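Colleague: I have a few minutes before my next job finishes. Could you put the model up and take me through it?

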Amino acid sequence: MSETIKFHFDVDGQDFSSAGEASVVVKKKLRQLGFPPDVIRKVSIAMYEGEINMVIHANGGTADVWVDEDDITIVLTDHGPGIPNLELAMQEGYSTARENIRALGFGAGMGLPNMKKYSDHMDIETEIGVGTTITMKVNL
């Protein structure tokens, strides 16, 4: 692949039924481009978890994906409340999701840990009252 391929998605923070649509589209595109199943799985899981977090905590945001020769980069950006305690938020099982969200089967506190687990590199920039940008890379 000689040219970088870019995908852009708006993540609707009002609609749980559409949460994860961007990761499904990227998964299909990566299959069509012939990427190995393990790479597709990592990208899909990391991206899905990020989309769900944007819906639960930040009223949506944007997801951008760049596919190039060396890696796949996912950048998730929101203008939500920010993450008050990033160290705590990275712990498996820690969640600030409201009870109504948990009743839907979300908010188990595995979003950020899974994003880190299924990416080869993850960087989080967050500011209270401004929002959060998460950059993940999956190496090829």
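**Going through the model**

Modeller: Here it is, and note that this is a predicted model. Let us begin with one ring: Phe106 has a relative accessible area of 23%, so this residue is partly exposed.

Colleague: How many aromatic pairs does the structure hold?

Modeller: There is 1 aromatic pair. The ring centres of Phe16 and Phe106 are 4.9 Å apart and the planes are at 25 degrees, so the pair counts as stacked. The cut-off for stacking is under 30 degrees.

Colleague: Where do Phe16 and Phe106 sit in the chain?

Modeller: In two loops, 90 residues apart, so the pair links distant parts of the chain. Phe16 is in the loop between β1 (5-12) and α1 (21-32), and Phe106 is in the loop between α4 (99-103) and α5 (111-117). Phe16 is also partly exposed, at a relative accessible area of 24%.

Colleague: Zooming out, how many helices and strands are there?

Modeller: The protein chain has 5 helices and 5 strands. Their order along the sequence is β-α-α-β-β-α-α-α-β-β. The radius of gyration is 14 Å and the globule rule gives 14 Å for 140 residues, so the chain is as compact as a globular protein of that length. The C-alpha trace spans about 45 × 30 × 25 Å along its principal axes.

Colleague: And what share of the residues is buried?

Modeller: Buried residues are 45% of the 140. For contacts with a separation of 6 or more, 63% are between residues 24 or more positions apart.

Colleague: What about the surface and the charges?

Modeller: About 7700 Å² of the protein chain is exposed, with carbon and sulfur atoms supplying 48% of it. There are 12 positive and 21 negative charges, and their mean positions are 7 Å apart.

Colleague: Let's go inside. Which residues does Val43 contact beyond its sequence neighbours?

Modeller: Leaving aside neighbours within four places, Val43 is in contact with Val26, Leu30, Ile72, Ile74 and Val138. Val43 belongs to helix α2 and is buried, with a relative accessible area of 1%. Its C-alpha atom is 7.8 Å from that of Ile72, 29 residues away along the chain.

Colleague: Asn53 next. Buried or exposed?

Modeller: Buried, because its relative accessibility is 18% and the cut-off is under 20%. Asn53 is in helix α2, which covers residues 37-58. Not counting residues up to four places away, Asn53 touches Ala58, Gly111, Leu112 and Met115. The C-alpha atoms of Asn53 and Gly111 are 6.6 Å apart, with the two positions 58 residues apart along the chain.

Colleague: What is phi of Asn59 near?

Modeller: Phi of Asn59 is near 60 degrees, a positive value in a residue that is not glycine. Most residues other than glycine have a negative phi. Asn59 is in the loop between α2 and β2 (60-67).

Colleague: Last one. Which strand does Met122 lie in?

Modeller: Met122 is in strand β4, residues 121-127. The residue is buried, with a relative accessible area of 17%. Setting aside residues up to four places away in sequence, Met122 touches Met90, Leu112, Met115, Lys116, Ile134, Thr135 and Met136.

Colleague: How far apart are Met122 and Lys137?

Modeller: They are 6.6 Å apart, C-alpha to C-alpha, and 15 residues apart in sequence.

Note on methods. Residues numbered from 1 in each chain as written. Predicted model: local features only at pLDDT ≥ 70, side-chain atom pairs only at ≥ 80, totals over all residues. Heavy atoms only, no water. Phe/Tyr/Trp six-rings, centres within 6.5 Å; stacked < 30°, edge-to-face > 60°. Helix = DSSP H or I, 4+ residues; strand = E, 2+ residues; numbered from the N terminus. Buried < 20%, exposed > 50% of the residue type's maximum accessible area, 1.4 Å probe, protein only. Rg over C-alpha atoms; globule rule 2.2 N^0.38 Å. Contact = heavy atoms within 4.5 Å. Areas by Shrake-Rupley, 256 points an atom, 1.4 Å probe, with all protein chains shown as cover. Lys, Arg positive; Asp, Glu negative; His and termini not counted. Charge placed at Lys NZ, Arg CZ, Asp CG, Glu CD.
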